[in-house]
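Q: Please explain the terms used for this structure. For each one, I would like to see the value set against its definition.

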Amino acid sequence: MAAVGKVYLVGAGPGAQDLITLRGARILGEADVVLYDALVTEEMLDLCRQAVLICVGKRAGQRSADQNSINAQLIACASQYGRVVRLKGGDPMLFGRADEELTALEELGIEVEVVPGITTAVAAAAATKQPLTKRGVARSVAFFTSSTAPGHPDEPAIPSTDTLVQYMAGVKPSPPPSACWTRAAGPRRRWWSSTTSAAPTSTSAASRWPRWRTAWTPAAARCW
């Protein structure tokens, strides 16, 4: 069936409803169907209760939709609805698999628009008052992940930069992090900061650490 709708890849930001962009909120309010990630909060979905809501979230170690299935659902929805929203945590263009979805849609001539969102690293830095750069100390930042495509080994190489931010971190940080964040915005956010003590080794461990901090130093950070 020929596509009749337009697809929007919308960044939900770090989770709090008032941190999505005005354009993103407007498009959600006009959507006919919304395919949303597992990290999208209920308060964010309150902006689009008029739409058909489809969860296509991916969570490590849990049963979830694979990317080919998500692409197929987007194509199918574009043939049935006028406004299709793919709602992604953070920013769609940073570790959001936007390239795969854009390619699948554009190959069929389906119109797509990308609406940026606040990425986790920036939101976490703001929430914890820990800048990612500091004049005279750190003038470069690298965002990286060790996770790769299915069938490919994890990539252990570490970028050369002043401040490192590791997304979807594994259990063995390298180099050791000075800060760990999980759920960067909202009442469930947790963070740990130090330059000397042992870091949490998993998402669950990070959530149990108390909220405390030391003086700012350029080092590595991990985001879940």
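A: Lys88 can serve for the word contact, which means heavy atoms within 4.5 Å. Leaving aside its neighbours within four places in sequence, Lys88 is in contact with Val10, Gly11, Ala12, Gly13, Asp37, Gly96, Arg97 and Glu101. The model is a predicted one, in which local features need pLDDT of at least 70 and side-chain atom pairs count only at pLDDT 80 or more, while totals for chains, interfaces and linings use all residues. Residues are numbered from 1 along each chain as its sequence is written, and side-chain values use heavy atoms, with hydrogens and water left out.

Q: Why is Lys88 called buried?

A: Buried means under 20% relative accessible area, exposed means over 50%, and partly exposed lies in between (1.4 Å probe, protein chains only). Lys88 has a relative accessible area of 2%, and therefore counts as buried. Lys88 belongs to strand 4, where strands (E, at least two residues) and helices (H or I, at least four) are DSSP runs numbered from the N terminus.

Q: What makes the pairing of the Lys88 and Glu101 side chains a polar contact?

A: A polar contact is a pair of N or O atoms within 3.5 Å; within protein, one must be able to donate a hydrogen and the other to accept it, and residues adjacent in sequence count only if both atoms are side-chain atoms. The contact between the side chains of Lys88 and Glu101 is 3.2 Å. Another partner of Lys88 is Val10: 78 residues apart along the chain, their C-alpha atoms are separated by 6.1 Å.

Q: Why is Arg97, one of the contacts of Lys88, called partly exposed?

A: Its relative accessible area is 40%, so Arg97 counts as partly exposed. Arg97 sits in the loop between strand 4 and helix 4, and its phi is near 55 degrees, a positive value in a residue other than glycine. Phe95 is in the loop between strand 4 and helix 4 as well, also with phi near 55 degrees. At 34% relative accessibility, Phe95 is partly exposed.

Q: What makes a group of residues a nonpolar core?

A: The name is given to a set of buried Ala, Val, Leu, Ile, Met, Phe, Trp, Tyr and Cys residues joined through side-chain atoms within 4.5 Å. The largest such core has 17 residues, of which Val10, Leu28, Val34, Val40, Val85 and Leu87 touch the most other members. Two or more residues each come from strand 1 (6-11), helix 1 (22-30), strand 2 (33-36), helix 2 (42-45) and strand 4 (83-88). Apart from this core lies another, of 14 residues, among them Val56, Val84, Leu102 and Ile110.

Q: How do you know that the buried residues of helix 3 line one face?

A: They are Gln67, Ile70, Asn71, Leu74, Cys77 and Ala78. Seen down the helix axis, they fall within an arc of 130 degrees, so they line one face of helix 3. The arc is that of the directions from the helix axis to the C-beta atoms. In general, an α-helix has 3.6 residues a turn, so residues three or four places apart point the same way. Strand 1, strand 2, strand 3 (52-55), strand 4 and helix 4 (98-106) are included in what covers the buried residues of helix 3.

Q: What makes the span of helix 3 close to the expected one?

A: The expected span is 1.5 Å times one less than the number of residues. Helix 3 (residues 67-78) has 12 residues, for which 16 Å is expected, and it reaches 17 Å from its first C-alpha to its last. At its start, a side-chain oxygen of Asp66 comes to within 3.3 Å of the backbone nitrogen of Asn68.

Q: Why does Ser79, in the loop between helix 3 and strand 4, count as buried?

A: Ser79 has 15% relative accessibility, which means that it is buried. A polar atom of its side chain lies 2.6 Å from the backbone oxygen of Ala76.

Q: How do you know that Thr119 is buried?

A: Its relative accessible area is 10%, so Thr119 counts as buried. Thr119 is in the loop between strand 5 (112-115) and helix 5 (120-128). Its side chain makes a polar contact of 2.6 Å with that of Tyr167.
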